[in-house]
Amino acid sequence: MNVGGPRLEGDVVEQAELSYRAGEFRQSREQALRGLETQPDSVQLLRLAGRSSVELDLDDGLTFLRKAVELAPNDAEAWRDLALALIGAGDTTEAAEALREVVRRRPSEIAARIDLAHLVYALGQSDEAIRLLLQVLEVETGNVAALRALVEMYRDGNDLPAALGAVVAKLDVAQLNLALGNFTVAAAEYAQLRTLDTEPQHLAYAYHGLIHVELQRSNWRRALDHAIDATRVDRDELTTQLLAFTAARLFGDSHRETLTQAEVEAVLTAEHLEHRRQHVEGWTSSQ
């Protein structure tokens, strides 16, 4: 207990941090500044003073944050604070440099690489942006944020084969796992396609893939749920047939004639190849 003596750095940091988290930015700043009077080289207090000042739109926020990274050049969180402040100030070039420091110190951190990719792409450095996203996908092949960004960058650069390859790779992974009986993985891949490829007709395909997975697992309740969701985005003939088929299997034979299970599986397998063609034609026409 520190009765009557100077306050320990940890006490001051804790108070300023609690105030910051509570949204009391002015109080947090004042507490951090009081602590810096006796502990001017405290990186934690400099970060808190800087972050609070940025929230209050004060000019000295960047000064505190720059000093923090000077004192602790290996502190990834300090570099992240500086990067965010620089983005807010409109200095994207220096913000990109700060994010590069985060990536250098935390090479396995996915979010920092994706953020840096978006930032350098906005600066016209498309090659570095694509390289960063490909690095993310080497670690997390199913990272939807990286995949979507990569596809958009390829399309913006008129690199249709690369853009098509990024999406078709996901299609093939889903289809391969379905064929191998890895239904949980296949379902996850089709679910990710719903966020990666959002054109209504393509979105319906992702739902059809989910239906195919549940058909293989004989999970008719879930198959019907996916069929209902599919009708909300694209009520084409196949979607309607799948809805009727799954409803009949779940609730029993109906008066309406439906496809057999073998016919449904054949149609869904053929749709996978057709979907490739639709991607090529749709993207070619959009260029």
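Let's start at a residue out in the open: Asp57 has a relative accessibility of 68%, so it counts as exposed, the cut-off for that being over 50%. Keep in mind as we go that this is a predicted model. Asp57 sits in the loop that runs between helix H3 (43-55) and helix H4 (61-71). Its backbone is worth a look too, since phi of Asp57 is near 60 degrees, a positive value in a residue that isn't glycine.

Further along the chain there's another residue of this kind. Ser218, also not a glycine, has a positive phi, near 60 degrees. Its loop lies between helix H12 (200-216) and helix H13 (220-233). Is Ser218 buried or partly exposed? With a relative accessible area of 46%, Ser218 comes out as partly exposed, because that value falls between the 20% and 50% cut-offs.

Now for a helix you can check with a bit of arithmetic. Helix H2 covers residues 25-38, which makes 14 residues, and at 1.5 Å a residue it should span 20 Å. The C-alpha atoms at its ends are 21 Å apart, which agrees. Which residues of H2 are buried? They are Ser28, Arg29, Gln31, Ala32, Gly35 and Leu36. Look down the axis of H2 and these buried residues fall within an arc of 165 degrees, so they line one face of the helix. Over on the other side of H2, you'll find Arg26, Arg34, Glu37 and Thr38 exposed.

Next, the nonpolar interior. The largest nonpolar core is made up of 50 residues, and Leu82, Leu116, Leu133 and Tyr190 have the most contacts inside it. Take Leu133: leaving aside residues up to four places away in sequence, it touches Ile114, Ala117, Ala146, Ala149, Leu150 and Met153. There's also a second, separate core of 14 residues, and among its members are Val13, Leu36, Val43 and Leu46. Leu36 is a familiar name here, as it is one of the buried residues of H2.

That leaves the empty space. Rolling a probe the size of a water molecule over the atoms shows where such space is left. Here the count comes to one cavity of 30 Å³ or more, and the largest cavity has a volume of about 50 Å³. What lines the largest cavity? The residues are Gln175, Tyr190, Tyr205, His208, Gly209, His212, Leu268 and Glu271. H12 supplies the largest share of that lining, four residues, while H12 and helix H15 (261-286) each give at least two. Tyr190 turns up in this lining as well as among the residues with the most contacts inside the largest core.

How values were computed:
Residues numbered from 1 in each chain as written. Predicted model: local features only at pLDDT ≥ 70, side-chain atom pairs only at ≥ 80, totals over all residues. Heavy atoms only, no water. Core = buried A, V, L, I, M, F, W, Y, C linked by side-chain atoms within 4.5 Å. Buried < 20%, exposed > 50% of the residue type's maximum accessible area, 1.4 Å probe, protein only. Contact = heavy atoms within 4.5 Å. Expected span 1.5 Å × (residues − 1). Arc of directions from axis to C-beta. 1 Å grid on protein atoms, 1.4 Å probe; cavity = no way out; pocket = protein on both sides within 12 Å on 5 of 7 lines; lining within 4 Å. Points joined across faces, edges and corners; volume = space filled by probe spheres on them.
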